[in-house]
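Let's take a walk through this model, starting with a pair of helices and then moving on to the strands. Keep the viewer open as you read.

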Amino acid sequence: MRYSSLSRQSAMACNKSLSANRRPSSWPSLPCARGYVLIEDVPGTGKTTLAKALAASMYCDFTRIQFTPDLVLANDPDADRLAVAIPTSDGWRPLSGDEIGALLAEHVLAGGSGDDRLVVTTLVSSRLLSAQAAHHGVRYADTLTGFKWIVRPGLADPSARFVFGYEEALGYLVGDLTRDKDGISAAVVFAELAATARSSGRTVLDLLHDLWRRHGVHRTALRTVRVHDERMAALLEGFRASPPTEVAGHRVLAIADYALPGTGLPASDLLALDLGGRRLLLRPSGTEPILKVYGEVVEPVRDDDVEAAE
């Protein structure tokens with residue numbers, strides 16, 4: 001259920017055009033303190049009675065409006081992360097953190113200019129942002145996991161103009177005002193890009209497919225394995241001592257160990273396997289006895305067939 005304050009003129013126009021479920025004649029017809037209040041309720045949720053009672057208590061008309069949302073935006077309790085779901089022919093589809101990040105980045109980059117612009121993401125996030133940066137001719141940087149690292153490339157280089165950063169765990173920063181992940185500003189920008197697409201008769205999914213046509217379908221996934229603390233170090237050291245030569249039938253072309261010097265980043269307990277168009281990354285969680293395994297597959301789109309590539 002949603003309710004919002006409207007001007008008296010707007011509210012009366014709504015009530016005139018939506019004559020169903022008008023208030024009973026016994027209800028007061030006084031306007032609210034700041035005009036009228038329009039109550040919107042999704043039928044079938046069991047909240048109609050509550051909506052009517054709220055309207056009555058505020059001396060307002062009750063009007064039911066049936067609507068189909070264009071998207072769902074959700075913040076966590078401290079509003080530093082953003083989740084998004086979009087409607088499809090098969091129902092609601094949650095977007096991954098990498099998909100949200102790519103869409104926000106494209107909206108920011110397409111709406112600005114300058115080769116001093118900088119976009120940043122983490123090593124365990126999708127490589128799609130790197131391809132977008134190259135397409136738009138802007139700077140790009142990889143960092144370790146966490147927003148304390150994501151904002152640093154912009155601070156370290158005064159000639160760079162930080163415009164966007166994100167991590168796959170639903171954290172985003174548009175601009176450099178907060179210098180930390182901010183789910184509220186990210187939600188506003190995502191709503192803007194969705195509204196812009198709709199004004200052109202397009203959907204958020206259309207925008208995502210545009211990116212896939214240009215750069216290939218990038219699909220990412222995270223798997224976690226619970227490991228006792230005392231076994232974690234031995235597990236990773238065993239992996240380093242005897243690395244696999246193939247994974248699921250795909251040959252391991254290279255292994256990057258970020259615990260060693262020469263990576264250009266502070267030492268981190270992170271291993272990255274290059275499988276040729278595929279990646280696997282392993283790192284222990286910083287807060288739980290969990291081994292995190294990140295995977296990414298990139299598949300080119302041929303003959304404009306996004307569905308086949310996906």
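**Two helices side by side**

A good place to zoom in is the contact where A102, A105, E106, L109 and A110 of α3 meet L128, L129, Q132 and H136 of α4. Sorted by class, this contact comes to 6 nonpolar, 2 polar and 1 charged residues. Bear in mind that you're looking at a predicted model.

How do the two helices sit relative to each other? To find them, select residues 97-110 for α3 and residues 128-136 for α4. Their axes come within 10 Å and cross at roughly 10°. Angles under 35 degrees count as roughly parallel, so that is the label for α3 and α4. As for handedness, the crossing in which α3 passes α4 is right-handed.

**An open sheet**

Now swing over to the strands. Here you'll find an open sheet of 5 strands, and reading across it gives the order β10-β16-β15-β14-β13. The pairing in this sheet is antiparallel. At the edges are β10, covering 217-226, and β13, covering 254-257, and each of these strands pairs on one side only. Going from one strand to the next, the twist averages 15°.

Let's look at one of those pairings in detail. What does β10 do with β16, the strand of residues 290-299? The two pair in the antiparallel sense, over 10 bridges. If you want a landmark for lining them up, take V217, which stands opposite E299 in β16.

**A hairpin**

Next up are β8, at residues 161-167, and β9, at residues 171-174. These strands also pair in the antiparallel sense, with 4 bridges between them. One pair to click on is Y166 and its bridge partner in β9, Y172. Together β8 and β9 form a hairpin with 3 residues between the strands. If you're checking backbone torsions, stop at L170 in this hairpin: its phi is positive, near 70°.

**Zooming out**

Time to pull the camera back. How many helices and strands does the protein have? The secondary structure comes to 10 helices and 16 strands. The protein has 310 residues, and buried residues make up 38% of them.

Finally, something for anyone who likes contact maps. Take the contacts between residues at least 6 apart in sequence: 57% of these join residues that are at least 24 apart.

Terms used
Residues numbered from 1 in each chain as written. Predicted model: local features only at pLDDT ≥ 70, side-chain atom pairs only at ≥ 80, totals over all residues. Heavy atoms only, no water. Axes fitted to C-alpha atoms, helices over the stretch in contact; angles between N-to-C directions. Parallel < 35°, antiparallel > 145°, perpendicular 65-115°, else oblique. Left-handed = near helix turned anticlockwise from the far one by under 90°. Contact = heavy atoms within 4.5 Å. Nonpolar A, V, L, I, M, F, W, Y, C, P; charged D, E, K, R; others polar. Pairing = 2+ DSSP bridges. Buried < 20%, exposed > 50% of the residue type's maximum accessible area, 1.4 Å probe, protein only.
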